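Dear colleague,

I am handing over the structure we spoke about, with the sequence alongside it. Please look through it first, and then read the notes below it.

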Amino acid sequence: MSEKTYWTSYYEQKDCTSEQEPSKFARFVKSMLEDNINTVLEVGSGSGRDAYFLGRFYRVHAIDLACKPKDTPSVTFHQGSMTDITGIHDLLYSRFSLHSVSEDVEDTVLDFAKGHCSYIAIEARSTNDTL
């Protein structure tokens, strides 16, 4: 089973609406952001729960390989690879996605962020994670 097939099947069984509770990480990042943040780019947005939450405060562009939730006036979802990201954004946001891609894709995303984003917020697992 391909990675895209796995995640597509996974998210077909999830609530992909703006009514989902955001992650603790999304709440933390929001509490740390400065008032001059206007745009967020989320890579690996999955069900969109954090994009929808951040979209209450900012303009959000979110991308995921397997899932494309419904857009809202402040959140636009794109189905595609993390390597397809474009534009200038105040924040690159990623929760539990960069640790699951190849090093080349990760490097592409981080290089993009360094040149196109003022802030980077990443939550990831590692080989040292007790989980």
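What follows is an account of what was found, beginning with the whole chain and then turning to single strands, residues and cores.

Please keep in mind that this is a predicted model. The mean pLDDT of the protein is 86, and 82% of its residues reach 70 or more. Confidence is not even along the chain, since helix α1 (residues 3–12) has the lowest mean, at 59, while strand β1 (residues 39–43) has the highest, at 97. I would therefore read α1 with caution, given that pLDDT is the predictor's confidence in each residue.

As for the overall layout, the protein has four helices and five strands, and from the N terminus on these elements follow one another as α-α-β-α-β-β-β-α-β. Of the 131 residues in the protein, 40% are buried. Among the contacts with a separation of 6 or more, 59% are between residues that stand 24 or more positions apart.

A good place to begin is strand β4 (residues 89–95), which pairs with β1 and with β5. β4 runs parallel to β1, to which three bridges join it, and it also pairs in the parallel sense with strand β5 (residues 117–123), over six bridges. L92 of β4 appears in both pairings, for it is the bridge partner of L41 and also stands opposite I120 in β5. Between β4 and β5 the chain passes through helix α4 (residues 103–116), and this β-α-β crossover is right-handed. Six of the seven residues of β4 are buried, so the strand is largely enclosed by the rest of the structure.

Two buried residues with polar side chains may also be of interest to you. H89, which lies in strand β4, has a relative accessible area of 6%, and it counts as buried because that value is under the cut-off of 20%. Its side chain reaches the backbone oxygen of T86 at 2.8 Å. Leaving out residues up to four places away in sequence, H89 touches T39, V40, L41, H61, F112, H116, C117 and S118. S45, by contrast, sits in the loop between β1 and α3 (49–54), although S45 too is buried, with a relative accessible area of 6%. Apart from neighbours within four places in sequence, S45 is in contact with A62, I63, D64 and F77.

The last topic is the nonpolar interior. In soluble globular proteins, nonpolar side chains tend to be buried together. Here the largest nonpolar core holds 18 residues, of which V29, V40, L54, V60, L91 and Y93 touch the most other members. At least two residues of this core come from each of α2 (24–32), α3, β2 (59–64), β3 (75–79) and β4, and the largest share, four residues, is supplied by α3. L54 touches A26, K30, V40, V60 and Y93, again not counting residues up to four places away in sequence. A second, separate core consists of 12 residues, including L41, V109, F112 and A113. Two of the residues named there have appeared above, since L41 and F112 are both among the contacts of H89, and L41 is also the residue whose bridge partner in β4 is L92.

With best wishes

Technical notes: Residues are numbered from 1 along each chain as its sequence is written. This is a predicted model: local features need pLDDT of at least 70, side-chain atom pairs count only at pLDDT 80 or more; totals for chains, interfaces and linings use all residues. Side-chain values use heavy atoms; hydrogens and water are left out. pLDDT is the predictor's confidence in each residue, from 0 to 100. Buried means under 20% relative accessible area, exposed over 50%, partly exposed in between (1.4 Å probe, protein chains only). Two strands pair if DSSP finds at least two bridges between them. A crossover is right-handed if, with the strands pointing away from the viewer, the path from the first strand over the helix to the second runs clockwise. A polar contact is a pair of N or O atoms within 3.5 Å; within protein, one must be able to donate a hydrogen and the other to accept it, and residues adjacent in sequence count only if both atoms are side-chain atoms. Contact means heavy atoms within 4.5 Å. A nonpolar core is a set of buried Ala, Val, Leu, Ile, Met, Phe, Trp, Tyr and Cys residues joined through side-chain atoms within 4.5 Å.
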